[in-house]
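Student: Hey, can we go through this one together? I'd like to know how far to trust it before anything else.
Tutor: Sure, let's look.

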Amino acid sequence: SATQARFDEQTRIAHGARARMAATRARLSDRLLKAPFSGILGFRQVSPGTLVEPGRGIATLDDVTQVKLDFSVPETFLSVLKPGLAIAAVSSAYSGQNFKGQVTTINSRVDPISRAVTVRAVLPNDAGFLRPGMLMIVDLVRERRQSLMVPEGALVPRQRKQFVLVVDEGDMVVQRQVIIGERRPGAVEIRSGLEVGEQIIVEGTHRAVPGRPVRIQGSQTLSSEARGGDGTL
């Protein structure tokens with residue numbers, strides 16, 4: 001039963017109320033901070049009532065489901081660096097535990113002072129042990145292969161050749177020339193000249209004579225360290 005003018009006035013009032021409500025919601029949203037991703041919130045850096053200006057830090061937010069690890073590699077290894085290489089990292093906070101990951105990015109520039117390139121790897125961190133800023137020791141795995149290793153003391157160098165004293169089935173000493181490869185502390189890779197399971201003399205090689213018998217006191221395979229002296233194995 002109201003007039004059209006009355007209806008138009010009430011409609012205008014309703015539209016004005018909706019506009020004021022939208023403006024109020026907009027002002028409230030300016031005071032609400034929403035994280036762009038899920039993560040762990042650090043210490044708050046402001047207190048209630050503090051005036052927050054643009055660019056001021058309020059808190060830290062970290063997504064630690066996986067961790068990016070940056071480390072430097074000498075430029076001499078640039079030829080073998082590539083995405084997908086495996087790494088194993090350890091931290092003093094978790095003694096004896098290895099954290100494995102893969103190289104994802106290699107920096108395009110070499111540092112002119114350190115002559116090293118920065119490499120970035122990603123480590124899965126489902127358990128949440130790793131945190132941003134931790135110091136870690138990294139082993140970069142260039143390649144994996146099965147190889148024969150002998151104790152370094154088993155090598156008998158002569159001129160530019162390397163020999164190993166092998167004990168055959170008749171307990172006789174046989175001098176065998178070998179081709180060596182990579183070295184590790186206390187161990188040497190044998191590329192050719194030996195087979196797995198052969199018995200070698202590790203200590204007392206200067207007393208063992210090729211073609212002479214030896215008395216075996218305690219034999220071990222090539223994968224272990226054989227000890228002895230005075231021409232014994």
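Student: OK, what's the average pLDDT of the protein chain?
Tutor: This is a predicted model, and its chain averages a pLDDT of 84, with 93% of the residues scoring at least 70.

Student: Which element has the lowest mean pLDDT, and which the highest?
Tutor: Strand E13, residues 199-200, is lowest with a mean of 85, while E6 is highest with 95.

Student: And where does pLDDT stay under 50?
Tutor: Over residues 221-233. The model still has 43 contacts beyond four places in sequence for that stretch.

Student: New topic. How many helices and strands are there?
Tutor: One helix and 13 strands. Going from the N terminus, the helix comes before the strands.

Student: Is the chain spread out or a compact globule?
Tutor: More spread out than a compact globule, because its radius of gyration is 35 Å, well over the 17 Å that the globule rule gives for 233 residues. Along its principal axes, the C-alpha trace spans about 125 × 40 × 35 Å.

Student: How much of the chain is buried, then?
Tutor: Buried residues make up 24% of the 233. The chain exposes about 16,900 Å², and carbon and sulfur atoms supply 51% of that.

Student: Let's zoom in. What's unusual about phi in Arg115?
Tutor: Phi there is near 55°, a positive value in a residue other than glycine. Most residues other than glycine have a negative phi.

Student: Where does Arg115 sit?
Tutor: In the loop between strand E5 (94-110) and strand E6 (116-124). Arg115 is partly exposed, with a relative accessible area of 39%.

Student: What about phi of Gln159?
Tutor: Gln159 also has a positive phi, near 55°. You'll find Gln159 in the loop between strand E9 (155-158) and strand E10 (161-167).

Student: Is Gln159 buried or exposed?
Tutor: Gln159 counts as exposed because its relative accessibility is 84%, and the cut-off for exposed is over 50%.

Student: And Gln162, buried or exposed?
Tutor: Gln162 lies in strand E10. At 18% relative accessibility, Gln162 counts as buried, since buried means under 20%.

Student: What does Gln162 touch?
Tutor: Leaving out residues up to four places away in sequence, Gln162 touches Leu155, Val156, Pro157, Arg176, Gln177, Val178 and Ile180.

Student: Last one: how far apart are the mean positions of the positive and negative charges?
Tutor: They're 9 Å apart, with 31 positive and 23 negative charges in the chain.

Terms used:
Residues numbered from 1 in each chain as written. Predicted model: local features only at pLDDT ≥ 70, side-chain atom pairs only at ≥ 80, totals over all residues. Heavy atoms only, no water. Helix = DSSP H or I, 4+ residues; strand = E, 2+ residues; numbered from the N terminus. Buried < 20%, exposed > 50% of the residue type's maximum accessible area, 1.4 Å probe, protein only. pLDDT = per-residue confidence, 0-100. Contact = heavy atoms within 4.5 Å. Rg over C-alpha atoms; globule rule 2.2 N^0.38 Å. Areas by Shrake-Rupley, 256 points an atom, 1.4 Å probe, with all protein chains shown as cover. Lys, Arg positive; Asp, Glu negative; His and termini not counted. Charge placed at Lys NZ, Arg CZ, Asp CG, Glu CD.
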